[in-house]
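Please explain how the aromatic rings, the main pocket and the cysteines are arranged in the structure shown here.

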Amino acid sequence: MKLGVFTPVFGHLSTAEMIARVQQLQHVQAVELGTGGWPGRAHLDDLTALIDGHCRATTYRQRLADAGLTISALSCHGNPLHPDPAIAQADDALFRQTVRLAAKMQVPTVVTFAGCPGDHAEAKHPNWITTPWPPEFLAVLDWQWEQKAIPYWTEAGRFAADHGVTIALEAHPGFLVYNADTMLKLRAATHPAVGLNFDPSHLFWQGVDIPAAIRAVADCIYHVHAKDLAFDRQNVAVNGVLDTKSYRRLRERSWLFRSVGWGHDALTWKQIISALRLAGYDHVVSIEHEDALLSVDEGLAAAVALLAPIVLTEPPAEPWWT
């Protein structure tokens with residue numbers, strides 16, 4: 001395995017400055033680059049020029065290689081199932097551009113969201129169903145999957161596979177794929193190129209046992225994010241874990257995203273990395289910083305310090321006791 005960094009945290013920097021900052025993080029060997037959507041596009045300025053110009057894409061990739069870095073994934077988090085056709089078409093176009101660029105730059109994976117439709121053909125906003133009752137909710141959910149998600153991701157999976165790229169859907173509340181069960185459901189109904197970007201932070205607050213979830217989705221983990229989460233036990237005791245308060249209302253929320261080690265201890269992360277090894281994952285663990293209580297430098301340094309001794313250890317090729 002390798003350690004990487006998801007670079008939107010350096011979105012205010014030029015590409016050269018971003019590379020320099022990543023190089024300052026000892027043990028980090030990879031970057032995950034945003035091409036647009038929610039992560040934004042800071043370090044890939046002109047996707048069309050990169051796709052159409054072979055030399056430009058090769059030069060960019062070599063520039064990173066000369067700095068000792070590889071690209072773990074290109075990320076274009078969006079909602080191609082959005083009920084607003086303009087948003088859906090823009091996010092779909094960005095996804096396809098990103099797949100083409102990944103193929104051009106020999107990047108194995110594109111990270112995005114599964115998306116969420118509305119509740120009928122004329123809807124204006126996405127509708128995330130979280131309960132089977134009242135009964136009309138199940139009817140909406142069936143329509144979302146059968147009429148929207150399965151047709152789209154079946155074709156999108158073929159498109160990615162034709163370009164030699166895998167799709168890593170980040171299981172995220174608010175979208176149709178938000179846990180192991182929904183990931184496996186979509187994959188079984190669509191295409192093997194459709195897999196998972198495994199991010200523990202979005203599962204922690206749902207009460208998921210992370211190593212157990214990794215075992216369940218072992219065959220379809222194409223990329224991994226390292227991001228932590230901490231509960232406010234007093235707020236959970238009063239309100240539970242479902243929380244729509246702004247992330248700016250830090251003291252009032254039931255949980256907050258934290259840097260690795262500030263929500264769960266080293267033993268928990270050892271168990272997560274061990275489960276990934278047992279699942280056969282041997283790619284990049286990409287650190288994502290979304291901690292409102294730590295600066296970018298503090299958060300990344302803390303994550304690297306905790307993860308490096310765990311992720312970068314090499315298991316023996318042949319156990320000595322066998």
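Rings of Phe, Tyr and Trp, the last taken by its six-membered ring, count as a pair if their centres lie within 6.5 Å. The model to which this rule is applied is a predicted one. Under the rule, ring pairs link Trp 205, Tyr 247, Trp 255 and Phe 257 into a cluster.

One pair in this group can be described in detail. Tyr 247 and Phe 257 have ring centres 5.6 Å apart and planes at 40°, an arrangement classed as tilted. Tyr 247 belongs to the loop between α9 (233-239) and β9 (255-258), while Phe 257 is in strand β9, ten residues apart. Their surroundings can be read from the accessible areas: Tyr 247 is partly exposed at 45% relative accessibility, whereas Phe 257 is buried at 9%.

Two members of the cluster also carry a charged side chain over the ring. Lys 227 lies over the face of Phe 257, at 3.8 Å from the ring centre. Arg 253 takes up such a position over Trp 255, at 4.4 Å from the ring centre.

Lys 227 and Phe 257 lead on to the largest pocket. They are among the residues that lie nearest its centre, together with Glu 288, His 289 and Glu 290. The lining comprises 22 residues in total, and by class these are 13 nonpolar, four polar and five charged. The space within the largest pocket is about 470 Å³.

Beyond the cluster, how many aromatic pairs does the count give? The total comes to eleven. Among them is the pair of Trp 38 and Phe 113, whose ring centres are 5.9 Å apart; the planes meet at 55°, so the pair is tilted. This contact joins distant parts of the chain, with Trp 38 in the loop between β2 (28-34) and α2 (47-52) and Phe 113 in the loop between β4 (109-112) and α5 (136-162), 75 residues apart. Trp 38 is exposed, with a relative accessibility of 61%, but Phe 113 is buried at 7%.

The cysteines remain to be considered. A disulfide is a covalent bond between the sulfur atoms of two cysteines. The structure holds zero disulfides. Cys 76 takes part in none, and the nearest cysteine sulfur, that of Cys 116, is 17 Å away. Why does Cys 116 not bond to Cys 76? The sulfur of Cys 116 has its closest cysteine sulfur in Cys 76, and because the two are 17 Å apart, they are too far from each other for a bond. Cys 76 is buried, with a relative accessible area of 3%, and Cys 116 is buried as well, at 1%.

Terms used: Residues numbered from 1 in each chain as written. Predicted model: local features only at pLDDT ≥ 70, side-chain atom pairs only at ≥ 80, totals over all residues. Heavy atoms only, no water. 1 Å grid on protein atoms, 1.4 Å probe; cavity = no way out; pocket = protein on both sides within 12 Å on 5 of 7 lines; lining within 4 Å. Points joined across faces, edges and corners; volume = space filled by probe spheres on them. Nonpolar A, V, L, I, M, F, W, Y, C, P; charged D, E, K, R; others polar. Disulfide = S-S within 2.5 Å. Buried < 20%, exposed > 50% of the residue type's maximum accessible area, 1.4 Å probe, protein only. Phe/Tyr/Trp six-rings, centres within 6.5 Å; stacked < 30°, edge-to-face > 60°. Helix = DSSP H or I, 4+ residues; strand = E, 2+ residues; numbered from the N terminus. Lys NZ or Arg CZ within 6 Å of the ring centre and 35° of its normal.
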